[in-house]
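I opened this notebook to record what I looked up, entry by entry, and what each search returned.

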Amino acid sequence: MSSFSFDYCFLAEVTASNLQEDKLYLPVGATSSTALNKQCQETILVNKEGNSWNVSLRFTESGSKYYITRGWRKFCLDNNCEIGDLFVFNVVGDEKTTSLMCVCLERKECSEILSKYLSRKSGESSHR
């Protein structure tokens, strides 16, 4: 897990418009995250329990911002979010696999969430 980079955190607010559009714009600073690149087509949102949601990751035509689509609304609904709720996401990745965006307050908590997620994934693959 030491190869994973925890290099970018951002605050996201659930709004009526981002729920309706099923689209969450990431701050401009996300473009500096080493876990994301313009070739990324998806990312995985992971909540505190280690549950995950695959979402599409796109880059605006102007080239200045990433945004999440196709899955943001489901993530919010499944987590009983209300308009005005705030999340801190930590972008986690190793530049080789699909990046994760973990809901967390601090890096230690993100490491614990990542461990839960990875152990679930390895459990799922051993059942196949």
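The entries below go from the overall fold to single residues.

**Entry 1. Model and confidence**

I noted at the outset that this is a predicted model. I looked up the confidence and found an average pLDDT of 79 for the protein, with 77% of the residues scoring at least 70. I then asked where confidence is lowest and where it is highest. The lowest value belongs to helix H3 (residues 107-126), with a mean of 64, and the highest to helix H1 (residues 16-21), at 96.

**Entry 2. Overall fold**

I looked up the secondary structure and found 3 helices and 7 strands. Along the sequence they follow the pattern β-α-β-β-β-β-α-β-β-α. The protein has 128 residues, and 42% of them count as buried. I recorded an accessible surface of about 7,200 Å², with 48% of that surface belonging to carbon and sulfur atoms. I also looked up the contacts between residues at least 6 apart in sequence, and 62% of these join residues at least 24 apart.

**Entry 3. Strand E3 and its partners**

I turned to strand E3 (residues 42-46) and asked how many of its residues are buried. The result is 4 of the 5, so the strand is largely enclosed by the rest of the structure.

I next looked for the strands paired with E3. Strand E4 (residues 52-59) is joined to E3 by 5 bridges, and the two run antiparallel. Within this pairing, Ile44 has Asn54 of E4 as its bridge partner. The hairpin of E3 and E4 has 5 residues between the strands, and I noted that Gly50 there takes a positive phi near 90°.

Strand E7 (residues 100-103) is also joined to E3, by 3 bridges, and here the strands run parallel. In this pairing I found Val46 with Cys102 of E7 as its bridge partner.

**Entry 4. Ser56 in strand E4**

I then looked up one residue of E4, namely Ser56. Ser56 counts as buried, because its relative accessibility is 11%, under the cut-off of 20%. Leaving aside neighbours within four places in sequence, I found Ser56 in contact with Gln41, Glu42, Tyr67, Ile68, Thr69 and Arg70.

**Entry 5. Cysteines**

I searched the whole structure for disulfides and found 0. I asked why Cys76 and Cys81 do not form a bond. Their sulfur atoms are 4.3 Å apart, too far for a bond, since a disulfide requires the sulfur atoms to lie within 2.5 Å. For Cys81, the closest cysteine sulfur is that of Cys76. I also looked up their burial: Cys76 is buried at a relative accessible area of 2%, and Cys81 counts as buried at 16%.

**Entry 6. Aromatic pairs**

I searched the whole structure for aromatic pairs, and the search returned 9. In one of them, the rings of Tyr25 and Tyr67 have centres 5.3 Å apart and planes at 45°, so I recorded the pair as tilted. This pair links distant parts of the chain, with Tyr25 in strand E2 (residues 23-25) and Tyr67 in strand E5 (residues 66-69), 42 residues apart. I asked of each ring whether its residue is buried or partly exposed. Tyr25 is partly exposed at a relative accessible area of 39%, whereas Tyr67 counts as buried at 16%.

I then looked up Phe75 and Phe89, whose ring centres are 6.0 Å apart with planes at 50°, so this pair is tilted. Phe75 lies in helix H2 (residues 72-78) and Phe89 in strand E6 (residues 86-93), 14 residues apart. Phe75 is buried, with 0% relative accessibility, and Phe89 is buried, with a relative accessible area of 0%. I found that ring pairs link Phe10, Trp53, Trp72, Phe75, Phe87 and Phe89 into a cluster.

**Entry 7. Thr31 in a loop**

Lastly I looked up Thr31, which I located in the loop between E2 and E3. Thr31 is partly exposed, with a relative accessible area of 37%. Leaving aside neighbours within four places in sequence, Thr31 is in contact with Phe59, Ser64 and Tyr66. I also checked Thr31 against Tyr8, 23 residues apart along the chain, and found their C-alpha atoms separated by 9.6 Å.

Key:
Residues are numbered from 1 along each chain as its sequence is written. This is a predicted model: local features need pLDDT of at least 70, side-chain atom pairs count only at pLDDT 80 or more; totals for chains, interfaces and linings use all residues. Side-chain values use heavy atoms; hydrogens and water are left out. Buried means under 20% relative accessible area, exposed over 50%, partly exposed in between (1.4 Å probe, protein chains only). Contact means heavy atoms within 4.5 Å. Accessible areas come from the Shrake-Rupley method with a 1.4 Å probe; for residues, only the protein chains shown count as cover. Two strands pair if DSSP finds at least two bridges between them. pLDDT is the predictor's confidence in each residue, from 0 to 100. Rings of Phe, Tyr and Trp (its six-membered ring) pair if their centres lie within 6.5 Å; planes under 30 degrees apart count as stacked, over 60 as edge-to-face and the rest as tilted.
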